[in-house]
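Open the model in your viewer and keep the selection tool ready. We will go stop by stop.

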Amino acid sequence: MKRFISPLLLSFLFFACSTDKPNNIQLKKGWSLQSSVKINAAAETISSPGLDVSGWYQIDIPKTVLAALADAGVYPNPYFGLNLKSIPGFKEGRWLSMSKESPFYPTWWYRKSFVVSDEFKGKKMVLHLDGINYKANVWLNGQKIADSSDVIGMFRRFEFDVDKYIKFGEENVLAVEISAPGKIPDIKYHTKQIEATTGWDDHNPQPPDLNMGIWRDVYISISDEVVLKNPYVVTDLDLPKLDKAFLTISIDAVNKTDKPVSGKITGTIENIKISKSFNLEAGKTKTIKFTPDEFKQLIVQNPRLWWTHPVGKQNLYTLNLDAQINGKISDSKQVRFGIREVSTYINDEGWRGYKVNGKNILIRGGAWMTSDMMLNLSNKRYDALIRYAREANLNALRSEGFSIRETDEFYNLCDEYGILVIQQLFGRNLPDEKLAVSIIKDMILRVRNHPSLIHFLGHDETFPTESLDKAYRDLIAKYTPERTYQPHSGAFEIENRYKTGGTRTGTFELWTYATPSHYYTHKEDGAWGFAQSGGIGGIFAPYESVKKMMPKKDLWPVNNETFSFHTVLQGLEYFDLVQKSLNERYGKPTGIKELLMKGQTLNYESARGMYEAYGRNKYEALGITTWKYDAAWPAALTWQYVDWYLNVGGAYYGAKKACEPLHVQYSYDDQSVYVVNSFYKDFNDLKVTAKVFNFDLDEVYSKENVVSVASDWKTEAFKIDFPNNLSKTYFVSLKLFDNSGKEVSNNFYWLSTVPDIQGSKEGKKTENGWWVLKANPKSYADFKSLNDLPKVKVDVNYNVEKNGNESIVKVKLKNTGSHLAFQVHMALTKGDGGDEISPTFWEDNYVSLFPGESRNISARYYNDDLKNSNMYLKIEGWNIEN
């Protein structure tokens, strides 16, 4: 192999939210992939026309090596059963160092042939690699244009001037030799992150290839003498009136020639037009800035603001910028932005709070993880996950530091659906700090135009080094000074919140199981301040998902290797308290369906209780991004509100119920009934009703009151004075009516005269070296009598309406029996007995109906997801006759 003689000037691609120009050459389809072990050719030959690739794997990109091999059937479905363990190179637990015997330790070649039209002769052509993992040698037409000593780091984008290498009107060959992460000494590391690559902590198994490969787009951009980079729009509002916005625009102009050039930058935002001349020396870059002081048209009167959902609309604007030389467009950029002003603050108790457009906002969201273990990052998956958050009125996602630096698709959807993003920078300190800083610079320049991005966290549960912390602060101050930063995701000991930046993390207990009363009855780890983590512990996937992820023989009993593998790295033992609590509260299940049915009920009451406690306690409670929102692979029991199959269960619908923007709720600590208002407007003359029923549905108490609730606040309606003659399990039904008598919120609770009382708890180290919590509560709420509910019949009527690319299913349920219909679950399937349509966005689910009670509930699904099947509505529940 020839030595690399003529180095190419390499720079990193810094452009924000830019869309493709029509004359970009996309290199997505028609790649070939092979291990270097199986190739008997030099790099010059591999990257030249004429190579026989008939024995290579034919793929499209983005695609990691393992994902490509799984698609080709080389390995069985890695997501099913124990198949992942059978793939060479797999290791148990959390690991950083790849075995030299692994088939992924040698380099792998990605090869692509393409033709460039003669019409582009004389143009400036730049090859873009937007994401490789982990190192790469890059070859084009037999020439090495970049070396792996420079092309390193999963979260950097690279660009290379290639016009002198391109052959016009004939075959070109691009070959990228990828080296995996993990080629480090095989020793015991006292850290979770060494390299600038994705990790999975203890969430799911590590893929054997460590996600090596090309995981983002590859393309060639085409321009004339001047190239535009890094467009940026800063919006500053006239607070609190919100009647004016001051826009500041900047763009980098790069002279790609060896001669001085002159021209002008023109920009348009709807009817706003701006223009500015520039002179550029040979090979130089200049930042061109447009300020509202100089361009009065950048003072926008009565702007359409971007808000989080559900408090306002997600209005977005588009800026088009052109670089013109002698009246001819040399290059152009387009960037989408929102007019809004976001900020954070530290309150008098040392906790961090959030503001949007000058108004406080209670954060109720989740921790976001990379959405797929093998980085199959589809638009469908992104849309479903982020839309699920919006549908549940969750308003923030914390992008976790062990994950990928999220894609433009993720940020675009958060912009469109009105979800704030709190972006963590890394999980741990990287030894190569220069590399870490270059990655964060690249990320900031790429994502800073997104209105959803509000705040940066340094590292996960640790502090950056002093030098990294300073570098992070300097980068943010230089490139996005309107955003805030804190160095540490959250303190374990709350007195350290003053050091971490005003937040706390979770606890062993909250990562295993939290009762519905926990966030009311506890202060330090309850609904107080801001929690970047915590949560309700283990969340069961619905049966429809669990049955797909393992052989039938492993579904029951669950104490087996396969079921445990589909939990967390610690295994099923980690969730000992969840299982124990389910058995004691609801009765020991006798099969997998019963376990998962009861699991949905257990999760529903806990998730609802957690989010409702934050609502009642605002603004002593400032927010939570619960651990965690999504799962990267099929998990039967883990931290997840949306599972890998894009199904949701009791935890999700409990959260959705709690986060209704105008909501009536019960307090587990003092028996109060509150109306919680998340809108930025007052509501007057609301009627609140409460009814208490014994298990036999005898009404033993009722109360009502008319209240008003101020903008973004809460009002106590009354306290329930429970009678003494309650059954062990009893029910509370709450309803809220507006001043026209229309029902706007309802809430149904099952409660017990037996209280939840904590007992002893201690950490225990398992045989595989993990720490798990062993807890022995003194008392559990007792709902076992729910097992004795008589069977009831629920009548169902529905109709389906097409609405663009969606269908709307309008369902009417009626309990025609004489007993309670408890936790009625509705699902849309692909024919009778078919798989669930996922995603499906239900208004409400896991509902309970009194005898004679009717409910109208609608659902939406994407028409493409039904394919050629007939939609079928399935109704299940604790005591529903099939």
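This tour visits some strands, two cysteines and a surface patch.

This is a predicted model: local features need pLDDT of at least 70, side-chain atom pairs count only at pLDDT 80 or more, and totals for chains, interfaces and linings use all residues. Residues are numbered from 1 along each chain as its sequence is written, and side-chain values use heavy atoms, leaving out hydrogens and water.

**Stop 1: strand β28.** Select residues 420-426, strand β28. Strands here are DSSP runs of E, at least two residues; helices are runs of H or I, at least four. Seven of the seven residues of β28 are buried, so the strand is largely enclosed by the rest of the structure. Buried means under 20% relative accessible area, exposed over 50%, and partly exposed in between (1.4 Å probe, protein chains only).

**Stop 2: its partners.** Add β27, residues 396-399: it pairs with β28 in the parallel sense over four bridges. Pairing takes at least two DSSP bridges between the strands. Find L397; its bridge partner in β28 is V421. Now add β29, residues 453-459, joined to β28 by five bridges and running parallel. Here Q423 has F456 as its bridge partner.

**Stop 3: the cysteines.** How many disulfides does the structure hold? Zero, where a disulfide is a pair of cysteine sulfur atoms within 2.5 Å. Select C659: the nearest cysteine sulfur, that of C414, is 16 Å away. C659 counts as buried at 2% relative accessibility, and C414 counts as buried at 0%.

**Stop 4: Y798.** Jump to strand β44, residues 794-803, and pick Y798. Y798 is partly exposed, with a relative accessible area of 39%.
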